[in-house]
Amino acid sequence: MQQGKVVKAAGGFFTVRDEHGEEYVCRARGMLKRGSKSLIVGDNVLFEPPQKGPSCPDGEGIIEKMLPRSNLLQRPRVANVDQLAVIMSLRSPDCDWQLISRMLVLAEKEGLFAFICLNKTDLTAKNELSKIDDLLDNYPYKVIYTSALNGTGLDKLEECLKGQCTVLAGPSGVGKSSLLNALQPGLALQTGTVSDKIKRGRHTTRQAELLTLQAGGSVVDTPGFTRLDFSGLDGDSLADYFPEFEPLRGQCGFRDCRHISEHKCAVQEEIGISLNPMRYEHYKSFIGEFEKQGVY
Ligand SMILES: Nc1nc2c(ncn2[C@@H]2O[C@H](COP(=O)(O)OP(=O)(O)O)[C@@H](O)[C@H]2O)c(=O)[nH]1
Ligand SMILES: [Mg+2]
Ligand SMILES: [Zn+2]
């Protein structure tokens, strides 16, 4: 038996890539098709490669066993992810900082490392970029700037992706597929606006697929989303998913401080000092959402 990774799953067939980069189409044993044991992209498996021979000219391999998962991302459904790359364009569509924070909370909840890639720098004037630098004072995540159009920052992006399994997240149209194509033209991912795609008559539904990078590592391109909800989260745990609050833990006057309007709140005292004000605004707004839903 050989070890490999499921890189594609469709219609009961699984494409398994072995350590040499060789890919095999496989079927799965019955118990790997149902419930929590059902195989998904990213799963590491033990499989029997297809036995080539006259009785089985282009037969399928058989997946015998799924190896334990280190994590499981729900959207897109992918196992064993190392990190989340939050991709956003600076313009067209405009950068949505709050949506970035929302994705970062979900990354923290899954225990994933995350970084931010601000794309389409070619559409942004120099003075706008320096305004963004000010906005990002004490920002608690790594931020890189790219342009898929003129190649700015692609080396930095490649450096971040190297050797990792990365899920690309971000709204439709920010340039996720374009960035991957610019890094590796052989991927030939479909790009453009949704309406363009419909006009061209291409089908828009896509399965998550693990794409191998020549530089090492793999990426999952996603179609993008417009809404991200916090189901499964509550107001009590939200602060845990703002890593910049961590050094201040236990320093507020009240043990169950929500860091909103309490006196002697170490978090509120640090806003604009060691804490990024915009991030704190997002925190407050998310707490407001939980209050509305009655989960605080
Ligand atoms: N000006 C500019 N346009 C870009 C850039 N990256 C992508 N685009 C354009 O933005 C549109 C959406 O890109 P696409 O890669 O499909 O976005 P995705 O939905 O996030 O995968 C396409 O028309 C691209 O040509 C960039 O860096 N600069
Ligand atoms: Mg795309
Ligand atoms: Zn507090």
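## A lysine to start with

Leaving aside its neighbours within four places in sequence, which residues is Lys-176 in contact with? In this predicted model, the list consists of Ile-87, Leu-168, Ala-169, Gly-170, Pro-171, Asp-221, Thr-222, Pro-223 and Gly-224. Lys-176 belongs to helix H4.

Here is a point to look at in the charges: Lys-176 is buried but has no salt bridge. Asp-221 offers the nearest side chain of opposite charge, at 5.6 Å. A salt bridge needs a side-chain nitrogen within 4 Å of a carboxyl oxygen, so Lys-176 and Asp-221 do not make one.

## Helix H4 and what covers it

Six of the eight residues of H4 are buried, leaving the helix mostly covered. Those six are Lys-176, Ser-177, Leu-179, Leu-180, Asn-181 and Leu-183. The cover over them includes strands S8, S9, S11, S12 and S13, along with helix H3.

H4 (residues 176-183) lies across S8, S9, S11, S12 and S13, and its direction is at about 140° to that of S11. Its packing with H3 (residues 154-161) has an angle of about 90°, with the axes 10 Å apart, and the two helices are therefore roughly perpendicular. On the H3 side, Leu-154, Leu-157, Glu-158 and Leu-161 make the contact, and they meet Leu-179, Ala-182 and Leu-183 of H4.

## The open sheet

Now to the strands themselves. Six of them form an open sheet in the order S10-S9-S8-S11-S13-S12, with mixed pairing. S10 (143-145) and S12 (210-212) are the edge strands; each has a single partner, so one side of each lacks a neighbour in the sheet. From one strand to the next, the twist averages 30°.

Within this sheet, S11 (residues 165-169) and S13 (residues 218-220) run parallel and are joined by three bridges. One pairing to find on screen is Cys-165, whose bridge partner in S13 is Ser-218. Helix H1 (residues 97-109) also packs on the sheet, where it touches S8 (83-89), S9 (113-119) and S11, and its direction makes about 175° with that of S8.

## The barrel

There is also a closed barrel of five strands, running S1-S2-S3-S5-S4 with mixed pairing. Its neighbouring strands are turned by 55° against each other on average, direction ignored.

S1 (residues 2-10) and S2 (residues 13-18) pair in the antiparallel sense over six bridges. Ala-10 stands opposite Phe-13 of S2.

## Where H1 meets H8

H1 packs with helix H8 (residues 277-293) at an angle of about 70°, and their axes are 10 Å apart. That angle makes H1 roughly perpendicular to H8. From H1, the contact uses Trp-97, Gln-98, Ser-101, Arg-102, Leu-104 and Val-105; from H8, it uses Met-278, Arg-279, His-282, Ser-285, Phe-286 and Glu-289.

## Salt bridges

The whole structure holds 13 salt bridges. In one of them, Arg-279 pairs with Glu-244, with the closest N and O atoms 2.8 Å apart. Arg-279 is in H8, while Glu-244 sits in the loop between helix H6 (235-238) and helix H7 (266-270), so the pair ties together parts 35 residues apart in sequence. Both partners count as buried: Arg-279 has 0% relative accessibility, and Glu-244 has 12%.

Glu-246 and Arg-249 form another salt bridge, at 3.1 Å from N to O. Here Glu-246 is partly exposed at 44%, and Arg-249 is exposed at 55%. These two are linked with Asp-240 in a network of salt bridges. Arg-258 and Glu-262 also pair, with their closest N and O atoms 3.9 Å apart.

Definitions and conventions: Residues numbered from 1 in each chain as written. Chains lettered and ligands numbered in written order. Predicted model: local features only at pLDDT ≥ 70, side-chain atom pairs only at ≥ 80, totals over all residues. Heavy atoms only, no water. Pairing = 2+ DSSP bridges. Helix = DSSP H or I, 4+ residues; strand = E, 2+ residues; numbered from the N terminus. Axes fitted to C-alpha atoms, helices over the stretch in contact; angles between N-to-C directions. Contact = heavy atoms within 4.5 Å. Buried < 20%, exposed > 50% of the residue type's maximum accessible area, 1.4 Å probe, protein only. Lys, Arg positive; Asp, Glu negative; His and termini not counted. Parallel < 35°, antiparallel > 145°, perpendicular 65-115°, else oblique.
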